[in-house]
Amino acid sequence: MAVTHNRGADILARALSRARARQLFSLSGNQIMPLYDAALEAGLNITHVRHEGAAVHMADAWGRLTGEPGIALLTGGPGHANGIGALYTALAAESPMVLLSGHAPLNQLGRGAFQEMAQAELAAPVTKASFTARSAQTLGDDIARAMRIARGGRPGPVHLSLPFDVLEQTVANPTTCAPDDDDFFATTQTLSVATAEAVLALIVNAQRPLIITGPLLGSSRGKNLRDQLARAVGVPVVCMESPRGISDPCLGAFGDVLPEADLVVLIGKPSDYTLRFGQVPALSPQCKFVVVDPEIDVLRRTITTLGPARVALNAVADVAAAIHALMEAVIDNRLKTSPWMREVMDAVAHRPGDWKTATATQAGTVHALEIGRAVQKILDDADDPILVVDGGEFGQWAQACMSASTRIINGPAGSIGSALPFALAARVARPNATVVAVLGDGTFGFHMAEFDTAVRHHLPFIAVVGNDSCWNAEYQIQMRTYGKDRAVGCELLPGVAYEKAVVALGGHGECVSSAAELPSALVRAVQSKLPACINIMTARMPAPTVTRVAAAGGSAH
């Protein structure tokens with residue numbers, strides 16, 4: 001049977017190919033079968049997953065790693081609904097991605113169509129834009145618009161629903177439906193020379209200036225840009241991408257020095273809960289602010305939150321464009337590295353001295369810091385290491401004591417469960433990378449079946465699971481707030497052999513209950529060249545609190 005080349009599905013597939021968005025993360029279903037068929041002719045690659053939420057998380061990770069919009073393709077109705085929750089993680093992390101969802105036929109809406117649902121309305125609160133295609137003729141423009149919005153300003157997820165009859169509809173002259181190359185890209189919002197010079201003047205006149213950016217610059221590309229900015233202006237540049245904000249253990253003792261700042265330049269970073277809304281005592285009441293943001297609504301909200309009298313200057317501009325404008329405005333290297341810059345960077349790098357030797361005190365368990373030291377050796381030996389860390393208490397230890405040139409965390413949404421899909425997407429994006437995902441046992445249960453995806457698609461990585469038989473973050477909250485006797489709903493089955501489930505799915509698995517066993521187990525996982533799970537028995541511990549005054553978390557308790 002001849003392949004039809006002028007359906008809406010073919011127009012969309014060719015538009016994706018033209019945009020070089022040839023990698024799709026998907027779970028098949030009735031409503032998107034025309035696109036699966038069209039993908040063959042367009043040369044699109046589909047990584048086929050076990051749960052729709054995993055596909056969205058993978059598209060999110062792709063966006064963070066590559067800077068290009070990741071594409072998730074889901075079926076309509078319940079398939080679409082299954083993917084919605086993961087969009088919030090991408091939105092908070094400022095990750096460019098597009099969710100394409102199948103949809104009931106337009107000509108059947110309102111009559112009880114199969115899987116009929118108000119999909120665009122459902123996705124709207126967790127996306128930058130959410131809309132439904134109306135014609136095969138405009139599908140190319142629809143995908144171009146979605147990618148343009150996902151990339152532009154503050155990047156984030158965009159949703160486009162694809163009615164089945166639109167995908168099947170034929171177009172007489174499909175060549176007229178192709179968007180121009182520029183249609184996939186947003187117009188850059190620049191920072192004027194005069195405004196950049198005004199910002200630099202405020203920095204020069206401050207005694208303890210500080211630049212803070214948001215999660216958009218949490219990637220390796222973002223770190224390079226932050227480092228360039230810090231060298232150019234001689235001012236500490238700190239990226240905040242954790243839901244724990246200024247208490248993020250990865251930022252060391254940053255919370256100790258933040259109140260000393262007399263000028264904070266927020267570039268794409270709202271003054272939200274992570275900054276304690278810019279209020280005392282997190283920041284000095286005398287501290288002045290510069291607010292640069294790509295979104296006028298966020299800019300206005302930040303000014304209102306801080307108080308207009310504290311905002312010395314504000315401007316609308318894209319983050320990267322603003323940073324480049326600031327660097328270009330520096331004249332004669334007039335801004336030199338100061339003792340204040342060294343003080344801030346030392347505070348961020350600070351870790352308690354006893355972390356280097358901390359060991360477990362409970363028999364049959366491994367301390368989170370012992371795990372960190374062993375995993376760090378694997379990362380240090382890798383040519384292209386990627387560290388993926390989920391949320392929860394165990395995740396906070398990992399974020400604080402492990403590092404790699406490329407790191408992906410759960411982000412400001414504070415969600416858990418994304419680590420395994422993130423790791424798979426990392427292997428798709430960088431096939432030769434050494435990918436290590438660190439997560440707790442509660443988190444492991446969210447997307448354990450994606451080990452099947454990893455095996456089918458030949459995506460080796462290592463999942464390091466901290467197994468304390470508990471939803472530990474919630475347990476610690478209950479312990480602190482209500483007392484040990486009132487902790488409820490946090491227990492998991494003790495000592496579950498998660499590694500055996502991975503072996504049953506075709507991967508490599510080992511269980512570890514002592515620090516001495518861990519290094520060799522990790523080496524075997526690398527050498528297996530399979531998706532691997534190292535299931536490590538750990539003691540229940542609260543997340544670390546890092547301060548230069550009194551360090552906490554030296555041993556398991």
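**Exercise 1. Find which residue follows helix H19 and what sign its phi has.**

Solution. Start at the end of H19. Gly483 comes next, and its phi is positive, near 100 degrees. Helices here are DSSP runs of H or I with at least four residues, strands are runs of E with at least two, and both are numbered from the N terminus. The model is predicted: local features need pLDDT of at least 70, side-chain atom pairs count only at pLDDT 80 or more, and totals for chains, interfaces and linings use all residues. Residues are numbered from 1 along each chain as its sequence is written, and side-chain values use heavy atoms, with hydrogens and water left out.

**Exercise 2. List the buried residues of H19 and name the helix they pack against.**

Solution. First, fix the term. Buried means under 20% relative accessible area, exposed means over 50%, and partly exposed lies in between (1.4 Å probe, protein chains only). Next, read off the buried residues of H19: Asn472, Ala473, Tyr475, Gln476 and Gln478. Last, find their partner. These buried residues pack against H15. Contact means heavy atoms within 4.5 Å.

**Exercise 3. Describe how helices H8 and H12 meet.**

Solution. Step one is the geometry. The axes of H8 (residues 193-205) and H12 (residues 319-329) come within 9 Å and cross at roughly 70 degrees. Axes are lines fitted to C-alpha atoms, for helices over the stretch in contact, and angles run from 0 to 180 degrees between N-to-C directions.

Step two is the label. Under 35 degrees is roughly parallel, over 145 roughly antiparallel, 65 to 115 roughly perpendicular, and the rest oblique. H8 and H12 are therefore roughly perpendicular to each other.

Step three is the residue list. H8 contributes Ala196, Glu197, Val199 and Leu200, while H12 contributes Ala325, Leu326 and Ala329. By class, the contact has 6 nonpolar, no polar and 1 charged residues. Here Ala, Val, Leu, Ile, Met, Phe, Trp, Tyr, Cys and Pro count as nonpolar, Asp, Glu, Lys and Arg as charged, and the others, Gly among them, as polar.

**Exercise 4. Count the aromatic pairs, then work through two of them.**

Solution. Start with the rule. Rings of Phe, Tyr and Trp (its six-membered ring) pair if their centres lie within 6.5 Å; planes under 30 degrees apart are stacked, over 60 edge-to-face, and the rest tilted. The count is 6 aromatic pairs.

Take Trp355 and Trp397. Their pair is tilted, at 5.4 Å centre to centre with 45 degrees between the planes. Trp355 lies in the loop between H13 (339-349) and H14 (368-381), and Trp397 in H15 (residues 392-401), so the pair ties together parts 42 residues apart in sequence. Trp355 is buried at 6% relative accessible area. Trp397 is buried at 1%.

Now take Phe446 and Trp471. This pair is edge-to-face, with 6.3 Å between centres and 80 degrees between planes. Phe446 sits in the loop between H17 (441-444) and H18 (450-456), and Trp471 in the loop between S15 (462-467) and H19 (472-482), so the pair ties together parts 25 residues apart in sequence. Phe446 is partly exposed at 42%. Trp471 is partly exposed at 27%.

One aromatic cluster is formed by Phe444, Phe451, Phe461 and Tyr498.

**Exercise 5. Place Arg151 and say which ring its charged end sits over.**

Solution. Arg151 is in helix H6. Its relative accessible area is 16%, so Arg151 is buried. Beyond neighbours within four places in sequence, Arg151 contacts Glu68, Pro69, Phe184 and Phe185. Its charged end sits over the ring of Phe185, 4.1 Å from the centre. The rule asks for NZ of Lys or CZ of Arg within 6 Å of the ring centre and within 35 degrees of the ring normal. Arg145 sits over a ring as well: its charged end is 3.8 Å from the centre of the Phe131 ring.

**Exercise 6. Locate Gly153 and list what it touches.**

Solution. Gly153 lies in the loop between H6 (139-151) and S6 (157-163). At 22% relative accessibility, Gly153 is partly exposed. Leaving out residues up to four places away in sequence, Gly153 touches Gln189, Pro294 and Asp318.

**Exercise 7. Find the cis peptide bond between Val280 and Pro281, and two residues other than glycine with positive phi.**

Solution. The cis bond joins Val280 and Pro281, with omega about 10 degrees. Pro281 is in the loop between S9 (263-267) and S10 (288-293). Arg276 has a positive phi, near 55 degrees. Arg276 is in the loop between S9 and S10. Lys529 also has a positive phi, near 55 degrees. Lys529 is in the loop between H21 and S17 (532-537). At 67% relative accessibility, Lys529 is exposed.
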